Every structure is written in C-alpha cells, then in structure tokens.
Amino acid sequence: MIESTRKQPVISVLHRLAGALELSLGEFCQRVDDRYQTELKAVGSPRRLDDGRV
C-alpha cells in the first residue's frame with residue numbers, strides 16, 4: 001500500500017513498485033524521469049530536473 005498521508009513515497013515503496021514491474025529501482029526511476037520529461041515537453045516547459053533550478 002502506498003502511504004496516503006505523504007506526497008512523496010519512501011524508497012522502500014518505490015523499490016516494491018519497481019519489483020512488481022520487474023524493473024530495477026534504477027530502471028524504474030529512469031522511466032519515471034523520462035515520462036516526466038515527455039510531459040514537460042508536451043506543455044512547452046523548458047525545465048529539467050537536473051538543471052539546478054528549484
């Protein structure tokens with residue numbers, strides 16, 4: 001079960017989700033980031049997670 005009182009799940013939950021999808025945690029995180037970048041491009045935002053801006 002994913003925590004309902006937190007906006008960001010803990011690492012153990014991400015690890016379980018990755019395992020359920022038969023992915024490593026790294027692969028899971030990469031796919032999430034890739035999807036996020038795709039969504040940003042769709043709305044025209046130039047921001048990236050790794051560009052140092054908050």
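Accessible areas here come from the Shrake-Rupley method with a 1.4 Å probe. On that footing, the protein chain of this predicted model shows an accessible surface of about 4,800 Å², and 56% of that surface belongs to carbon and sulfur atoms. Of the chain's 54 residues, 13% count as buried. As for secondary structure, there are two helices and zero strands.

Helix α2 takes in residues 25–43. With 19 residues at 1.5 Å a residue, α2 should span 27 Å, and its end C-alpha atoms do sit 27 Å apart, so the expected and modelled spans agree. Just past the end of α2 comes Gly44, which takes a positive phi of about 85°.

Now for what α2 packs against. Phe28, Asp33, Gln37 and Leu40 are the residues to look at here, being buried in α2. The buried residues of this helix pack against α1, which covers residues 11–20.

Leu25 is worth a look too, as it is also found in helix α2. Setting aside neighbours within four places in sequence, Leu25 is in contact with Ile11, Leu14, His15 and Ala18. Take His15 from that list: ten residues separate it from Leu25 in sequence, yet their C-alpha atoms are 5.6 Å apart in space. Even with these contacts, Leu25 keeps a relative accessible area of 26%. Buried means under 20% and exposed means over 50%, so Leu25 counts as partly exposed.

That leaves the charged side chains. The structure holds one salt bridge, and it pairs Glu39 with Arg35, with the closest N and O atoms 3.2 Å apart. The cut-off for a salt bridge is 4 Å, so this pair qualifies. In general, side chains of opposite charge can pair when their charged atoms come close. Both partners, Glu39 and Arg35, lie in helix α2, four residues apart, or about one turn of the helix. That spacing fits a simple rule: an α-helix has 3.6 residues a turn, so residues three or four places apart point the same way.

How open are the two partners to the surroundings, in terms of accessibility? Arg35 has a relative accessible area of 55%, so it falls in the exposed class. Glu39 comes out at 40% relative accessibility and therefore counts as partly exposed. Neither value is under the 20% cut-off for buried. In short, the salt bridge joins an exposed Arg35 to a partly exposed Glu39, whereas Phe28, Asp33, Gln37 and Leu40 of α2 are buried.

Technical notes:
Residues numbered from 1 in each chain as written. Predicted model: local features only at pLDDT ≥ 70, side-chain atom pairs only at ≥ 80, totals over all residues. Heavy atoms only, no water. Buried < 20%, exposed > 50% of the residue type's maximum accessible area, 1.4 Å probe, protein only. Contact = heavy atoms within 4.5 Å. Expected span 1.5 Å × (residues − 1).
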